[in-house]
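Reader: I'd like to walk through a model and learn how to read its features one by one. Could we take it feature by feature, with a case for each?

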Amino acid sequence: MFRLTSLNLNGIRSATTKGLEPWLAAHAPDCMCVQEVKAQQADIVGKFEVLAEMQGYFHFAEKKGYSGVGIYTRHEPSDVRIGYGSPEFDAEGRYIELRFDTPQRALSIISCYFPSGSSGELRQAAKYRFLDEMYPYLLELKQNREFILCGDVNIAHNEIDLKNWKGNRKNSGFLPEERAWMTRLLAEAGIVDVYRQLKPEATDECYTWWSNRGQAYAKNVGWRLDYHLATPALARHAHTESIYKDEKFSDHAPITIDYDFTLQGS
């Protein structure tokens, strides 16, 4: 079995003060993909490069206290890819890929943090540029290897993926163009939304993010923004999903999916 967790930390220093490491030790994933590390290399060394006996690999943003992604793993990768070749977005620390290749198989685990457009038109335009780059990149990657991309995608795909969908139709994260991109990725590119494969009709239980405004968390007024996006061959091995809403390491909940394969196997 391969257990894979994804979590937007909203700051690694903050998340680790809220009990993340003991939870990880008990939960025992093989890999954990993290987003919004909000730290630099100097902040990580000697403190966070290993959590719960898992080695961390990171892609930091050039801007301090901003973005950043990582993957913690119990298994040594055959290769580490930092960034995806984008001058604009690699500077923001949004993509890291660990490869676990064997003679029989090419397989990648990816942690990715898609931009948010909620702060205004400039960042929404940047989000669309990112989507325009990421689609062909993932399509090409799929032609050469199997992968699971975990991350905060900052898009709720369908109406069942957020509580107040009617009131958010003109808001970033649920705009028609964003949702159409996700539809295209799943329908045309053939990438699988693994959670939805396992839970096609889940509503209130599917949310992974809650606004800090009002009582969104207490009332479960949430959004499903955190995904496992996999190539079909790997998605077929998914058998159990869990969203840990009661774990408050950040404003996101960890999402774990167990897969019937091993990183060392064929």
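Reader: Let's go. Which lysine lies over the face of Y217, and at what distance from the ring centre?

Author: Bear in mind that this is a predicted model. The residue you want is K245, which sits over the face of Y217 at 3.9 Å from the ring centre. There is another case too: K63 lies over the face of Y66, 4.9 Å from the ring centre.

Reader: What kind of aromatic pair do W210 and Y217 form?

Author: The general idea first: two aromatic rings are described by how far apart their centres are and by the angle of their planes. Here the centres of W210 and Y217 are 5.4 Å apart and the planes stand at 85°, so this pair is edge-to-face; the cut-off for that label is over 60 degrees.

Reader: And is each of those two residues buried or partly exposed?

Author: The cut-off for buried is under 20% relative accessible area. W210 has 3% relative accessibility, so W210 counts as buried. Y217 has 23%, so Y217 counts as partly exposed.

Reader: How many aromatic pairs turn up in the whole structure?

Author: A search finds 16. One of them is F114 with W181, an edge-to-face pair with 5.8 Å centre to centre and 70° between the planes. That pair links distant parts of the chain: F114 is in the loop between strand 8 and helix 5, W181 is in helix 6 (residues 176-187), and 67 residues separate the two. Both F114 and W181 are buried.

Reader: Which residues make up the aromatic cluster that F114 belongs to?

Author: F114 shares one cluster with Y84, F89, Y95, F130, Y137 and W181.

Reader: On to the sheet. In what order do the strands run, and which ones are at the edges?

Author: To read a sheet, follow the pairing from strand to strand. In this model six strands form an open sheet, ordered 6-7-8-9-13-10, with mixed pairing. The edges are strand 6 (79-82) and strand 10 (192-193), each of which pairs on one side only. Strand 10 is joined to strand 13 (residues 226-230) by two bridges, and they run antiparallel. Look for D193 opposite L229 in strand 13.

Reader: Which helix packs on this sheet, and which strands are touched?

Author: Helix 5 (residues 121-144) does, touching strand 7 (95-99), strand 8 (107-113) and strand 9 (146-152). The direction of helix 5 makes about 10° with that of strand 7.

Reader: How does strand 8 pair with strand 7 and with strand 9, parallel or antiparallel?

Author: Take one side at a time. With strand 7 the pairing is antiparallel, over five bridges, and I96 has S111 in strand 8 as its bridge partner. With strand 9 strand 8 pairs in the parallel sense over seven bridges, and I110 stands opposite L149 there. Strand 8, helix 5 and strand 9 together make a right-handed β-α-β unit.

Reader: Which residues of strand 8 point which way, and are they buried or exposed?

Author: Read the side chains on either side of the strand. L107, I109, S111 and Y113 point one way, while S108, I110 and C112 point the other way, and all are buried. That fits the count: seven of the seven residues in strand 8 are buried.

Reader: One last residue: where is Y57, and what does Y57 touch?

Author: Y57 is in strand 4 (residues 54-59). Leaving out residues up to four places away in sequence, the contacts of Y57 are V69, G70, I71, T73, P77, V80, I96 and L98. Y57 has 22% relative accessibility, so Y57 counts as partly exposed.

Note on methods:
Residues numbered from 1 in each chain as written. Predicted model: local features only at pLDDT ≥ 70, side-chain atom pairs only at ≥ 80, totals over all residues. Heavy atoms only, no water. Pairing = 2+ DSSP bridges. Helix = DSSP H or I, 4+ residues; strand = E, 2+ residues; numbered from the N terminus. Contact = heavy atoms within 4.5 Å. Axes fitted to C-alpha atoms, helices over the stretch in contact; angles between N-to-C directions. Buried < 20%, exposed > 50% of the residue type's maximum accessible area, 1.4 Å probe, protein only. Right-handed = clockwise from strand over helix to strand, strands pointing away. Phe/Tyr/Trp six-rings, centres within 6.5 Å; stacked < 30°, edge-to-face > 60°. Lys NZ or Arg CZ within 6 Å of the ring centre and 35° of its normal.
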